[in-house]
Amino acid sequence: MVSSPSAAAPSRRQIAITPASIILVCVSALLAIGLAVLYSASSRAVGGPTSYLYKQLIFLALAIGGGWVMARADLEQLRKFTWIIGAVAMVALLLVLIPHIGIKVNGGRRWLGLGGVRLQVSEFAKLAMMFCLSHYLAVNQNKLHDFVKGFVMPCALLGGFTLLILAEPDYGTAFLCAMVGVLLLLLAGGRLRFLLPSVALAVTAFAVLVLHNPNRMRRIMAFMDVEGNRTEAGYQPWQAMLGFAAGGIDGVGLGNGRQQQAFLPEAHTDYIFAILGEEMGLIFTLLVVGLFVTIFIAGLRHVRRAPNLFQFLVVTG
């Protein structure tokens, strides 16, 4: 009896599909789509579309290098520098608020200039806050039932970062930091009888703060009625909606969109997704959303492998 070629051939080595590999594939796909749409969206930018593309490629190279280093970093070794990381972030947040040091753009003082590069400090500070809070909660896991050590101290740590970011002002990032901090407290085992009243009080205070800020209120009302405010505060969301509508299912084609032709301000930054919707259509729009959802689900599966509470909270945050 002659054996079949498939039976005689050596078994192929199976490729393990892990949450980390899924995340890597999804991020790579988002990068490819993002670079293509950025090139199109910045067609009318000063210096031409390649100026932003080259700058993005430089940051991409730095990010890949940083990602490679962090993928091989020992979180337990980094943990030894937790409070140094937190202190540096706090000092940077204070420097941003000082005139002639912090860079003010569109009413917000959120950036520090290093040579020709601007760094938005809150982007690094929210990671430092997460790192510090995770470390504190892991060290004091058995004391979270105590009002001072299990509630007052972590809230003071969280509040220090949040209030400094709020002072820039950056309401969105401050709100995000507060919500992530509360989530970490809850997952670590914080008492609900402490958390629920404080969350209610913080949300109320935040709402009052927004109500007394005409600029924020105008933006919220414009969001609630985009069409009614399409010539004023709702101009950008309205133009973005027109871009999605014009794209339809298949899109008008990469580089053929009209919204970046002076209709949609900041097309290459805040409203890049609208450009994607117009030029690449509903299919790619849903693909991008699907990639982010896949990253989130894979991340939840990956976090289950965390060896201790500290690493679980860091990854979750």
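Let me begin with one detail, which is that Arg-79 lies over the face of Phe-310, at 4.3 Å from the ring centre. A second arrangement of this kind involves Arg-230, which lies over the face of Trp-238 at 5.7 Å from the ring centre. I should say straight away that what we have in front of us is a predicted model, and I will keep that in mind as I go from the overall picture to a few individual residues.

Taken as a whole, the protein has 14 helices and three strands, and its C-alpha atoms fill a box of roughly 75 × 70 × 40 Å along the principal axes. Of its 317 residues, 33% count as buried. If we consider the contacts between residues at least 6 apart in sequence, 64% of them join residues that are at least 24 apart.

Let me turn now to the aromatic side chains. How many aromatic pairs does a search of the whole structure find? The search finds seven, and I would like to describe two of them with some care. In one, the rings of Phe-147 and Phe-194 have their centres 5.2 Å apart and their planes at 75°, and because an angle over 60 degrees counts as edge-to-face, that is the class of this pair. Phe-147 belongs to helix H7 and Phe-194 to helix H9, so the pair ties together parts that are 47 residues apart in sequence. The two partners can also be described by their accessibility: Phe-147 is partly exposed, with a relative accessible area of 43%, whereas Phe-194 is buried, at 11%.

In the other pair, the rings of Phe-175 and Phe-206 have their centres 5.2 Å apart and their planes at 40°, so this pair is tilted. It links distant parts of the chain, with Phe-175 in helix H8 and Phe-206 in helix H9, 31 residues apart. Phe-175 is partly exposed, with a relative accessible area of 37%, and Phe-206 is partly exposed as well, with a value of 23%. Coming back to Phe-147 and Phe-194 for a moment, these two residues form one aromatic cluster together with Phe-151.

The helices I have just named appear again when we look at the second largest pocket, which has a volume of about 500 Å³. Of the 21 residues that line this pocket, the closest to its centre are Thr-162, Ala-178, Ser-198, Ala-202 and Val-203. Which elements give two or more residues to the lining? They are helix H7, spanning 147-166, helix H8, and helix H9, spanning 192-211, and the largest share, nine residues, comes from H9. By class, the lining of this second largest pocket has 18 nonpolar residues, three polar residues and no charged residues.

Staying with helix H8, which covers residues 171-188, we can pick out Thr-173. Is Thr-173 buried or exposed? Its relative accessibility is 10%, and because buried means under 20%, Thr-173 counts as buried. Leaving aside its neighbours within four places in sequence, Thr-173 is in contact with Ser-122, Glu-123, Lys-126 and Ile-165. Leu-187 is found in helix H8 too, but this leucine is partly exposed, with a relative accessible area of 38%. With neighbours within four places again left out, the contacts of Leu-187 are with Phe-312, Leu-313 and Thr-316. The C-alpha atoms of Leu-187 and Leu-137, which are 50 residues apart along the chain, are separated by 9.8 Å.

For contrast, Phe-223, found in helix H10, counts as exposed at 63% relative accessibility. Its C-alpha atom is separated by 7.6 Å from that of Pro-237, 14 residues away along the chain.

I will finish with the backbone, where a general point helps: most residues other than glycine have a negative phi, and most peptide bonds are trans. Against that background, the peptide bond from Glu-168 to Pro-169 is cis, with omega near 0°, and Pro-169 lies in the loop between H7 and H8. The other case is His-100, whose phi is near 75°, a positive value in a residue other than glycine. His-100 sits in the loop between helix H5 and strand E1, and this histidine is exposed, with a relative accessible area of 84%.

Technical notes. Residues numbered from 1 in each chain as written. Predicted model: local features only at pLDDT ≥ 70, side-chain atom pairs only at ≥ 80, totals over all residues. Heavy atoms only, no water. Helix = DSSP H or I, 4+ residues; strand = E, 2+ residues; numbered from the N terminus. Buried < 20%, exposed > 50% of the residue type's maximum accessible area, 1.4 Å probe, protein only. Contact = heavy atoms within 4.5 Å. 1 Å grid on protein atoms, 1.4 Å probe; cavity = no way out; pocket = protein on both sides within 12 Å on 5 of 7 lines; lining within 4 Å. Points joined across faces, edges and corners; volume = space filled by probe spheres on them. Nonpolar A, V, L, I, M, F, W, Y, C, P; charged D, E, K, R; others polar. Phe/Tyr/Trp six-rings, centres within 6.5 Å; stacked < 30°, edge-to-face > 60°. Lys NZ or Arg CZ within 6 Å of the ring centre and 35° of its normal.
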